[in-house]
Amino acid sequence: MKLSKNFVKDYVDVDVDIKTLAEDMTNVGNEYDEAGKLVDATKLVVGEVLTCDMHPDSDHLHVCKVDVGKEVLNIVCGAPNVAKGQKVIVALDGAELPGGVKIKKGQIRGQESNGMICSLSEIGIESKFQSEEDKTGIHVLPSDAKLGEDAVKAMGLDDEIIDFDLTANRGDLLSILGMAYEIGAIYDKKVKDIDLSHKENGEDINKTFSLDINTDNCKLFLAKRALNVEIKESPDFIKNRLLASGIRPINNVVDISNYVMLETGQPLHFYDADRLKGKIEVRMAKENEKLTTLDGIERNLSKDDIVISDGTRPIGLAGVMGGLDTEIEATTKNVIIEAAIFDGVKVRLTSKKIVRSEASNRFEKGLDPNRTYMAAERACTLLEKYANAEISKGTVIYDKTEKEDKEIDVTLENINSLLGSNIKLEEAVDIFERLGFKTKSRGNLIKVKVPRRRLDIDIKEDLIEEVGRIYGVNNIEGKLPVVPTVPGNYDRNIRNIRNKMIALGLNETLSYILLNDKEVNNFTTDKFEPVKLLDPMSEDRNTARYTMITSLFKIYEYNADRGNKDVSIFEIGKGFYKHGEEYGEDLKLCVLMSGEFYTGINSKKEVDFYIIKGIIEELLDSLGYENRYSFVVPKEMSKDFHPGQTADIIVNGKKVGIIGLVHPEISENKVFVSEINLSNLLEIKTGKMKYKEISKFPSIKKDIALVVDKNIESLEIAKVIKKAGGSNLSNIEIFDVYEGKGIEKGKRSIAFSLTFSNSDKTLTDEEINPILEKIVDMTEKEFKAELRK
Amino acid sequence: MGYTVESGPELETDRFCFELLNLPQGHPARDMQDSFYITDEYLLRTQTSAVQARTMLANEEKTPIRMICPGKTYRREDDATHSHQFTQAEGLVIDKNISLADLKGTLEIFAKKIIGENSKLRFRPSYFPFTEPSYEVDVSCFKCGGKGCNLCKQTGWIEVLGSGMVHPNVLRMCGYDPDKYTGFAFGLGLERIAMFKYGIPDMRYLYANDVRFLSQFDR
């Protein structure tokens, strides 16, 4: 809502500058985007073109002598319409125009030019507010404009504007009157009465005009009649105020309907009375009913649109746009004034299909029925005064609204306990009175009568907000609540997992959950129904992800494209699915590693399966699942994984995740990923931490390297080693995998570091060697493994 | 500060996301154009406020509540300052005798710890359907400290959060008697704060996950 200071001054005295007004309004809850002069320019004066000759060196420039009162200036002007005898806007030497333009004395193609003759665009008036002539040349002022006078003032554009960004509940502020009440409350000023006086003559409109309301979506409908209107240009003050408010002036009658809407907040519609059949009906449209609206477009209506009909055909879309064939034209003689209240939700839905307008916005936010009556009368006043209309007697009325003030009780305790303030009774009462609410107080109880214009106030908390607003929240001192502390219940594990992964040297990412539906089944063989959006913003993001691996792989690709080869990242997030009618979401941890990984001071290693497996083991150990997990070759595997380097992660016999290499067909570079379903994992109970006697006897380490077929899983070998090792084998680690020179083609060497210990004695080589032999024997039997020499 | 950390589903129902928060049918915020609906009933939550209602309803003994809920939220918008996916944190305190002064004091501490020791707050009355009274809260500009600069558009203030006293309708629908209990709630967009705090010009940078970007934030 653009507020014109000149306009609101009709109804309340404002004696502060525009910036102060804007800030003071902000502090009571009315934010603004911009505040300043309507024409933000300096040194513009009225001049008269004394002579106008063609420039000797140009086919379009003119050299003019312009009288600006104190002196006569030589000015070069390029506008095609400049002519001798015109009164024009002259920007003097040193003038500043919108857009940072500065006018300086100079020469144009050898001719002295000591200023500029301005068009409306050059002084910042948008072209939609300009006449066709103004759009193509300089603006010509009326011949009675005084030489040397401030040109902005001469045009009546010496106004100031605040462009407010209002909250949705303050529909009352979409009117000059509403703004006047708000400003009046801030500065303790009375709001002045609106002039509704006019004469009414002739036959009562009710005798010849009938109204038929056939829908609950119209609660109030008023019609009045203005005869013999004289259509012409509006007086300057109306045109300028419309322009300042962002509405294009058209002719006096149409302008008056907009002017009254701006003043009262009540949208009006004027019909050419001679094109109606003496009747108005309000009803819901029929499915596929047709109406050509003011903008010349034929609309296809639905049963959710409210239409106005004259009994034979639709003539308007209620609250949104009028029909073309009953619009006010230059030849219109008689006018029917419609002032009505239509259902805000219905108007909003219709306007979304057609066009959002100043009127539809006001219906959406809600209207005060008292203002509807006021607006109908005000339109008559202005039509009589500025269009020489004769107003018929009477008003056609259909009214199902409540118009009395709303009575709400509030106590001083209510106010001070909710605000935590120390406001006195007199202060609270004064605030209500300033807002224009009548009050009666008994003891600490205040009975407040809230006028209907304040649609946002229904309960005592709303009144307390009003007190807080005007009193000033920033005048209330802050304190801390005194509340007993209760133990937290957020899964501490999530925080631990995040910290662990960061400590291990991975970067945390944050990715979008929305993917294309074709990507949702990548990297998984789980059976689920994807979660699809009804109305996605784009096809790229039309479905919620199930596995996060796709998200992290996209991040990897983004980085790889930018030359970031070393990518070790993780994310904790959700995966979504549908089973039958039920929707579900699981918390997941996803890890992706590629390139080199920092493995200690001055040490980096190319990521391989064992590094990412080590990361996952480290994590599972830290969560308390030590010795409860294993990595098992999957029975079924997504084609997006490398079949030889992928495993299911099993905890307590239950699959909780997957770890593996992205298939070489998808990525040439080696990219390892792992995903754990944390919702499933964290359901598995961990054992209590318990002290275990440390063996007093030293342990012995033995390394063996086994050469096996390339496709044999190291995990399977480790299982057999464990079995063969028996109780004295306390730990197995894989520390090297090698294939290539020195190893037969199709085979690889896997090196295991084996730790032997016993809590009762020191183990000797004599005791360990037989165990080692057994290990070699059993791996040979199972895998045809050979001890690497 | 003694808050519990709560979480809730991101695939939320209309009831928790809107209805219980005093956003009745027909409210503009429920439009298709603003929310990602899955069915008539399910949608990707548009605000972590949904967890307010869940926390209150789950608390059958009506013991005092002091909770914070960080989480992902989704709306149909995408540009330099809006992302269709973003992160909010929601705070809620409910007990007998909770006042606006408590909200003010709490947010003042929050601002000092999160934004900076010298930060100041400005409360501007505003409108949210689930709080009454409602306030938007501005913090003194991260860059100029309040003198006015290009970041704060010369106002000296930057809007960082929405807050207010829990609306009696919300209390009632979530099982609390508004004559006995009051409470405050606040919500803030975490990306926005990160952008101001670290001088990140475009919200999309946060979701590109370039490792050269990520590794700058290792503290």
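Reader: How much area do chain A and chain B bury between them, and what share of it is on carbon and sulfur atoms?

Author: In this predicted model, chain A and chain B bury about 6200 Å² between them, with 59% of that area on carbon and sulfur atoms. On the side of chain A, the residues that lose the most area to chain B are L510(A), Y512(A) and M537(A), which together account for 11% of what that side buries. The contact draws 73 residues from chain A and 75 residues from chain B.

Reader: How many salt bridges and how many residue pairs in polar contact are found between chain A and chain B?

Author: The count of salt bridges between chain A and chain B is five, and the rule finds 23 residue pairs in polar contact across this interface, taking pairs in which both residues have pLDDT 80 or more. Strand β34 of chain A (residues 567–579) supplies the largest share of the side of chain A that touches chain B, namely seven residues. As a single case to look at, K460(A) forms a salt bridge with D179(B), where the closest N and O atoms are 3.9 Å apart; this pair is counted because the cut-off for a salt bridge is 4 Å.

Reader: Which residues are linked in a network of salt bridges?

Author: The network links E23(A) and E31(A) with R122(B), R124(B), E136(B), D138(B) and E159(B). Over all chains, the structure holds 63 salt bridges.

Reader: Where in the chain do D15(A) and K189(A) lie, and how should I read their exposure?

Author: D15(A) lies in the loop between α1 (5–8) and α2 (18–27) of chain A, while K189(A) lies in the loop between α5 (176–187) and β14 (200–201) of chain A, so that the pair links distant parts of the chain, 174 residues apart. The closest N and O atoms of their salt bridge are 3.1 Å apart. As for exposure, D15(A) counts as exposed because its relative accessibility is 62%, whereas K189(A), at 26%, counts as partly exposed.

Reader: Is the salt bridge partner pair R469(A) and E182(A) buried or exposed?

Author: Both residues are buried: R469(A) has a relative accessible area of 4%, and E182(A) has a relative accessibility of 2%. Their closest N and O atoms are 2.6 Å apart. R469(A) belongs to helix α14 (residues 460–471) of chain A and E182(A) to helix α5 of chain A, so the salt bridge ties together parts that are 287 residues apart in sequence.Reader: Which residues does T332(A) contact, leaving aside its neighbours within four places in sequence?

Author: With those neighbours left aside, T332(A) is in contact with V229(A), I231(A), D272(A) and E327(A). T332(A) lies in the loop between β23 (321–322) and β24 (335–342) of chain A, and it counts as buried because its relative accessibility is 1%. The side chain of T332(A) makes a polar contact with the side chain of D272(A) at 3.1 Å, and a polar atom of the side chain of T332(A) lies 2.7 Å from the backbone nitrogen of E329(A).

Reader: What surrounds S119(B), not counting residues up to four places away in sequence?

Author: S119(B) touches A111(B), K112(B), V139(B) and S140(B) when those residues are not counted. S119(B) lies in the loop between α3 (100–114) and β6 (121–128) of chain B, and its relative accessible area of 10% makes it buried. A polar atom of its side chain lies 3.3 Å from the backbone oxygen of A111(B). The C-alpha atoms of S119(B) and C141(B) are separated by 8.1 Å, the two residues being 22 residues apart along the chain.

Reader: What is the order of the strands in the open sheet of four strands in chain A?

Author: Strands of a sheet pair through backbone hydrogen bonds, in either a parallel or an antiparallel sense. Here the order is β43-β44-β42-β45 of chain A, with antiparallel pairing, and the edge strands, each pairing on one side only, are β43 (729–738) and β45 (786–787). β43(A) and β44(A) (residues 747–756) pair over eight bridges, and D736(A) stands opposite A751(A) in β44(A).

Reader: Which helices lie on these strands?

Author: Helix α19 of chain A (residues 714–725) lies across β42 (700–709), β43 and β44 of chain A, running at about 35° to β44(A). Helix α20 of chain A (residues 765–783) packs on the sheet and touches β42, β44 and β45 of chain A, its direction making about 15° with that of β42(A).

Note on methods
Residues numbered from 1 in each chain as written. Chains lettered and ligands numbered in written order. Predicted model: local features only at pLDDT ≥ 70, side-chain atom pairs only at ≥ 80, totals over all residues. Heavy atoms only, no water. Helix = DSSP H or I, 4+ residues; strand = E, 2+ residues; numbered from the N terminus. Buried < 20%, exposed > 50% of the residue type's maximum accessible area, 1.4 Å probe, protein only. Polar contact = N/O pair within 3.5 Å; in protein donor to acceptor, adjacent residues only side chain to side chain. Contact = heavy atoms within 4.5 Å. Pairing = 2+ DSSP bridges. Axes fitted to C-alpha atoms, helices over the stretch in contact; angles between N-to-C directions. Buried area = accessible area lost by both parts, 1.4 Å probe. Salt bridge = Lys/Arg side-chain N within 4 Å of Asp/Glu carboxyl O.
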